[in-house]
Amino acid sequence: MKIQERTGAGAGRSAAPAQPSVGDRLPTPPRERKPALAALAVLLILVGALGATMLVLQAGDRIEVVKVTAPIPAGGSVSKSNTTSVMVAKDDSIHYVEWTQLDQLKKLKAVNAIPAGVVAVGEMFGSEAGVAAGKATVGLSLKAGQYPTGIKQGDTVAAYRVSSATGAGSGNSNSGNSSSSASSNSVIADSARVSYVPGPKDSGDEIVGSTNLAVTLTVDSDKAADLAQAASNGEVALVKVPGNSGN
């Protein structure tokens, strides 16, 4: 009887649940997934990639346009000597003048003065130049010796009335003749702007067989009549005066 009781007691002890060891971890609950945040991250990645692609495409879509390299006064025209080509990003809202249109642009006039360093746009040019209030343009046809060597568009010059009369018709000259000669050699416009003169590369603008130089001046309106009259008589000489860049 004692043996059976001991056996039963031992069986009871072995059936008791085993205690967990100190080194074992307790089970953790599963992490909560957030699909909204994952979707947002993916969306941000896609937007960034799309933006980078658009920048690359815009940088690659470039056109060759006309850039002004020397000042062009109102009424002046472009030429190969005062322009160059540059690459810019294409923008339909800006009316760039493409380099392939340079020959057509030569036939137009600057509506207003154009400084050097700007990119040409269509609004800068027209079939007729705009003349500022109080100003007028006068065309001259000058022989060699009536204009300074190297005169160019944009120069500031003084226009003088010159006379071919020398007063040497007789051996006796009087003070009246001297006074007349002095009055005939007078300044007409002391600060005129050269609006047009054929450039060295614009041989097509020159009149074949003519030795005269065609020059257009912009002067004060009250000087225009005297200048035009003197020019028609071939009695005008131009002199460069201070106010020219680089001089």
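Lys152, Asp155 and Lys240 are linked in a network of salt bridges. That is where I want to start. Keep in mind that what we have on screen is a predicted model.

Take the two links in turn. Between Lys152 and Asp155, the closest N and O atoms are 3.2 Å apart. Between Lys240 and Asp155, the N to O distance is 3.4 Å. Asp155 takes part in both of these salt bridges.

Where do Lys240 and Asp155 sit in the chain? Lys240 belongs to strand E9, residues 236–240. Asp155 lies in the loop between E5 and strand E6, the latter being 156–161. The two are 85 residues apart, and the pair links distant parts of the chain.

Now the surroundings of these three residues. Is Asp155 buried or exposed? Asp155 counts as buried, because its relative accessibility is 3% and the cut-off for buried is under 20%. The two lysines are another matter. Lys152 has a relative accessible area of 41% and is partly exposed. Lys240 is partly exposed as well, with a value of 29%.

How many salt bridges does the structure hold? The number is 4. One of them joins Lys135 and Asp220, with the closest N and O atoms 2.7 Å apart. This pair, too, links distant parts of the chain. Lys135 is in strand E5, which covers residues 135–142, and Asp220 is in strand E8, which covers residues 213–220. Their separation in sequence is 85 residues. As for exposure, Lys135 has a relative accessible area of 35%, which makes it partly exposed. Asp220 also counts as partly exposed, at 35% relative accessibility.

Next, a residue from a helix. Ala230 is found in helix H5, residues 221–232. Ala230 counts as buried because its relative accessibility is 0%. What is Ala230 in contact with, leaving aside its neighbours within four places in sequence? The residues are Arg161, Ile188, Glu235 and Val236. One more distance for Ala230: from its C-alpha to the C-alpha of Leu140 is 9.4 Å in space, while in sequence the two residues are 90 apart.

Then a loop residue. Ser79 has its place in the loop between strand E1, 62–68, and strand E2, 83–89. Is Ser79 buried or exposed? Ser79 is buried, because its relative accessible area is 4%. Its side chain and that of Ser81 are joined by a polar contact of 2.8 Å.

Last, the whole chain. Which elements does the protein chain have? There are 5 helices and 9 strands. Reading from the N terminus on, the order is α-α-β-β-α-β-β-β-β-α-β-β-α-β. The chain has 247 residues, and 26% of them count as buried. Asp155, Ala230 and Ser79 count as buried too, at 3%, 0% and 4% respectively.

The chain exposes about 16800 Å², and carbon and sulfur atoms supply 56% of that area.

One figure remains, and it concerns contacts. Looking at contacts between residues at least 6 apart in sequence, 72% join residues at least 24 apart. The salt bridge of Lys240 and Asp155 joins residues 85 apart, and so does that of Lys135 and Asp220.

Key
Residues are numbered from 1 along each chain as its sequence is written. This is a predicted model: local features need pLDDT of at least 70, side-chain atom pairs count only at pLDDT 80 or more; totals for chains, interfaces and linings use all residues. Side-chain values use heavy atoms; hydrogens and water are left out. Helices (H or I, at least four residues) and strands (E, at least two) are DSSP runs, numbered from the N terminus. Buried means under 20% relative accessible area, exposed over 50%, partly exposed in between (1.4 Å probe, protein chains only). Contact means heavy atoms within 4.5 Å. Accessible areas come from the Shrake-Rupley method with a 1.4 Å probe; for residues, only the protein chains shown count as cover. A salt bridge is a side-chain nitrogen of Lys or Arg within 4 Å of a carboxyl oxygen of Asp or Glu. A polar contact is a pair of N or O atoms within 3.5 Å; within protein, one must be able to donate a hydrogen and the other to accept it, and residues adjacent in sequence count only if both atoms are side-chain atoms.
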